[in-house]
Amino acid sequence: MKKLNRHMLICSLLLLMGIFMVACGSSNEETNKKGTTATEATTRLYKDYLDHEVEIPVNPQRVVYHGEGYGDLLALNINTVGAGFSWITNYAWEDRVKDVEDVGFPINVEKTLSLKPDLIIIGTSDDKTYSQLSKIAPTIVLDTFAPLDQRLTELGDILNKKDEAAQWIDDYTEKADKMWNSLVADGSVKPDETASVLTYYPGDRLFVMARAGLSQVLYDSNVLKPGDKIQKILDDGTGFAEISTELLPEYAGDRIFILTPVDDEAKQSTKEMMESPIWKNLPAVKNGHVYTIDIQKSDSDASTREWLLTQIPTMLKK
């Protein structure tokens, strides 16, 4: 009987040990599965503003960026392998762009392919271009006319730089507010003055800027305001609008900023406008409140904005 009890006890112990080992094995297997899953999570789904749902790298390493706003990437310390130099050459921060290949304008698909990107970010909604590039690498369309904080926050999300983007926005907002408040305090600018930004394109085409470039910097100040006509363009969500010189009095603000074009024909059109009777009779012109700046140095990207904080006070205090 004792032998039988001892035998039963040993069997029970062995059974318990077996159950324990199976449980431990299952637990280890589950842990290993979780660890493997975490390790393998190198991509994620992302939906851009045109509703393209794209599987992108969690940590992109070889980015090609083609469109306005390359200075946003510099603010986040992002290095790209390729970019459109049309939006880099002659910009205020050009010397900070290193070891980047020019992919041309329009974007050269073969050149882009040769760079072996793992992510492509473009500023165009052209379906054909998107279709070609998306066959090379995950491709996202970015709204380059979006407000700076929205644009930089989105880039921070896409490029795994959320904290850096939030910090940059906070720092810039503090510096910009301090600058504008200083200009109001010393009387250089009066609260609620209006401003307009004008530029010519080839073909004698005059544009008033609303949601693009320098105008975005000015209107974000809450000091210089858009006039009613420009506010309508903003409300329509448009970056700019073409107008005739006859309509200048309706769009001209208390302060007028002229973006000096690159093209010689556009430069000549600008000269002719500034010699016209319509121009000379504008209140801003009569008050000496006209300012010129090269168009490449008047963008609304993050890095240009930082540079403009050092330039705008000098312009407005003249």
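**View 1. Strands β11 and β12, side by side in a predicted model.** Strand β11 (residues 255-260) and β12 run parallel here, with 5 bridges joining them. To find your bearings, look for Thr-260: its bridge partner in β12 is Asp-294.

**View 2. The open sheet around that pair has 5 strands.** Reading across, the order is β10-β9-β8-β11-β12, and the pairing is mixed. At the edges you'll find β10 (240-243) and β12 (290-294); each has a single partner strand, so one side of each is left without a neighbour in the sheet. Going from one strand to the next, the twist averages 30°.

**View 3. Helices α10 and α13 meet the sheet.** Helix α10 (residues 264-274) packs on the sheet and touches β8 (195-201), β9 (205-209), β11 and β12. The direction of α10 makes about 130° with that of β8. Helix α13 (residues 302-316) lies across β11 and β12, and runs at about 150° to β12.

**View 4. Helices α5 and α6 cross.** Here the axes of α5 (residues 148-158) and α6 (residues 162-185) come within 7 Å and cross at roughly 160°. Angles over 145 degrees count as roughly antiparallel, and α5 and α6 are therefore roughly antiparallel to each other. Their crossing is right-handed.

**View 5. A closer look at who touches whom between α5 and α6.** On the α5 side, pick out Leu-148, Asp-149, Leu-152, Thr-153, Gly-156 and Asp-157; they meet Lys-162, Ala-165, Trp-168, Ile-169 and Tyr-172 from α6. Sorted by type, the residues of this contact come out as 6 nonpolar, 2 polar and 3 charged.

How values were computed. Residues are numbered from 1 along each chain as its sequence is written. This is a predicted model: local features need pLDDT of at least 70, side-chain atom pairs count only at pLDDT 80 or more; totals for chains, interfaces and linings use all residues. Side-chain values use heavy atoms; hydrogens and water are left out. Axes are lines fitted to C-alpha atoms, for helices over the stretch in contact, and angles run from 0 to 180 degrees between N-to-C directions. Helices (H or I, at least four residues) and strands (E, at least two) are DSSP runs, numbered from the N terminus. Angles under 35 degrees count as roughly parallel, over 145 as roughly antiparallel, 65 to 115 as roughly perpendicular and the rest as oblique. A crossing is left-handed if the near helix is turned anticlockwise from the far one by less than a right angle, and right-handed if clockwise. Contact means heavy atoms within 4.5 Å. Ala, Val, Leu, Ile, Met, Phe, Trp, Tyr, Cys and Pro count as nonpolar, Asp, Glu, Lys and Arg as charged, and the others, Gly among them, as polar. Two strands pair if DSSP finds at least two bridges between them.
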